[in-house]
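Thanks for coming. I will take a few minutes on one model, mostly on its side-chain contacts.

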Amino acid sequence: MTGTVPASFTADDYEARMERAARQAAEAGLAGLLVAPGPDLVWLTGYTPTAVTERLTLLVLAAGRDPVLVVPTLEAPDAERAPGAPALTLRDWTDGKDPYAATAALLDANGRFGISDNTWAMHLLGLQKALPGTSYASLTEALPMLRAVKDAAELELLAAAGAAADAAFEEIRQVAFAGRRESDVAADLAALLRRFGHSQVDFTIVASGPNGANPHHEAGDRVIERGDMVVLDFGGLKDGYGSDTSRTVHVGEPTDEERRVHDLVREAQEAGFRAVRPGAACQEVDRAARAVIADAGYGEYFIHRTGHGIGVTTHEPPYMIEGEEQPLVPGMCFSVEPGIYLPGRFGVRIEDIVTVTEDGGRRLNNTARELVIVD
């Protein structure tokens, strides 16, 4: 995380988020929430330490109590400048003191707490040693939907990030592909994302020819050839919120089979999008997209879930996958990205970020989904 905080969020916004999180924790039977540096802390307070070190920083939330941020004394001035700081009490500790004892004084000695997934093991073990009667559950397990429903300002930022990624695609489709390494095109994509406002580039997948059959292929030294199908999947953070889009292009004219597979994935992506509506289970989006591909005989080559949530990180709950019965709610944002991956030959993936509206869904990516021919 870069810790970039959009100016549109105020101390009141962060206070409301912390109150909501504490209330949801209580409703889930938890004594409170413990949040270490990472995306949850950024979302709840707007604060990211300059450097995450072995020194304990921890937000303590509990219903009916004021939020407290335990922070090293040398980092307290930075914490005080965070946009959510006016809604917090800062409790600093100095080197040589026991931060776990200081934190223990804020906790129910026999409580069960939700704890952010990226909390260092040494900190969790330190708390357990200080309070042997406590127990813990990861936030993904305890409150998976904590950040899932976005407000209007968040939706605006996600839409802007999507538009920036779209602008990067419109530029990259104009560059030469044939005769260049995948890593060269990936570098172009990263530069374009930054040019269009991204402060952080999380991934630039450029998977050509047989490499396209690996959904998470890392761009390498393979030279792209005429006749290659090329999967492009790229995204990152703009003003603190994520982008993530995939398009598949072809270098020169495709074969009939390549067009047929691409059209099939496009049809599956459309089916997944049309399944988005309030009250539908997440798995219904996966089922709709997967059915198109399975009915055409390619089911075994669609080897990943149909989508994942996005917000202050590029991957977060909810997940569009069989077995996920979480109902869709207006304001949720997630990818719809079916694919077909033919080992040793080529792959195709088409991905948009979609937000749930009051009566359906709205795409946040709007570049052409038809097969694009590049040079």
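Is Asp184 buried, exposed or partly exposed? Keep in mind that this is a predicted model. Asp184 is partly exposed, because its relative accessible area is 25% and the buried class ends at 20%. Its salt-bridge partner is Arg181, at 3.1 Å from N to O. Arg181 has a relative accessible area of 38%, so it is partly exposed as well.

A search of the whole structure gives 27 salt bridges. One of them joins the side chains of Glu154 and Arg17, with N to O at 3.7 Å. This pair links distant parts of the chain, since Glu154 sits in helix 7 and Arg17 in helix 1, 137 residues apart. Both Glu154 and Arg17 are buried.

Now helix 7 itself. It runs over residues 152–172, and its 21 residues reach 30 Å from the first C-alpha to the last, close to the 30 Å expected. At its N-terminal end, Asp151 acts as the cap, with a side-chain oxygen 3.2 Å from the backbone nitrogen of Ala153. The buried residues of helix 7 include Leu155, Leu158, Ala165 and Phe169.

Another salt bridge pairs Arg349 with Glu337, at 3.8 Å from N to O. Arg349 lies in strand 15 and Glu337 in the loop between strand 13 and strand 14, so the pair ties together parts 12 residues apart in sequence. Arg349 and Glu337 are both buried.

There is also a network of salt bridges that links Arg247, Glu270, Arg274, Asp352, Arg363 and Arg369.

Last, the surface. Val52, Trp120 and Met122 make a nonpolar patch of about 270 Å². Val52 is in the loop between helix 2 and strand 2, and it counts as partly exposed because its relative accessibility is 47%.

Conventions
Residues are numbered from 1 along each chain as its sequence is written. This is a predicted model: local features need pLDDT of at least 70, side-chain atom pairs count only at pLDDT 80 or more; totals for chains, interfaces and linings use all residues. Side-chain values use heavy atoms; hydrogens and water are left out. Helices (H or I, at least four residues) and strands (E, at least two) are DSSP runs, numbered from the N terminus. The expected span of a helix is 1.5 Å times one less than its number of residues. Buried means under 20% relative accessible area, exposed over 50%, partly exposed in between (1.4 Å probe, protein chains only). A polar contact is a pair of N or O atoms within 3.5 Å; within protein, one must be able to donate a hydrogen and the other to accept it, and residues adjacent in sequence count only if both atoms are side-chain atoms. Patches are made of residues with over 30% relative accessible area and no salt bridge: like charges are joined within 9 Å, nonpolar side chains (Val, Leu, Ile, Met, Phe, Trp, Tyr) within 5 Å. Accessible areas come from the Shrake-Rupley method with a 1.4 Å probe; for residues, only the protein chains shown count as cover. A salt bridge is a side-chain nitrogen of Lys or Arg within 4 Å of a carboxyl oxygen of Asp or Glu.
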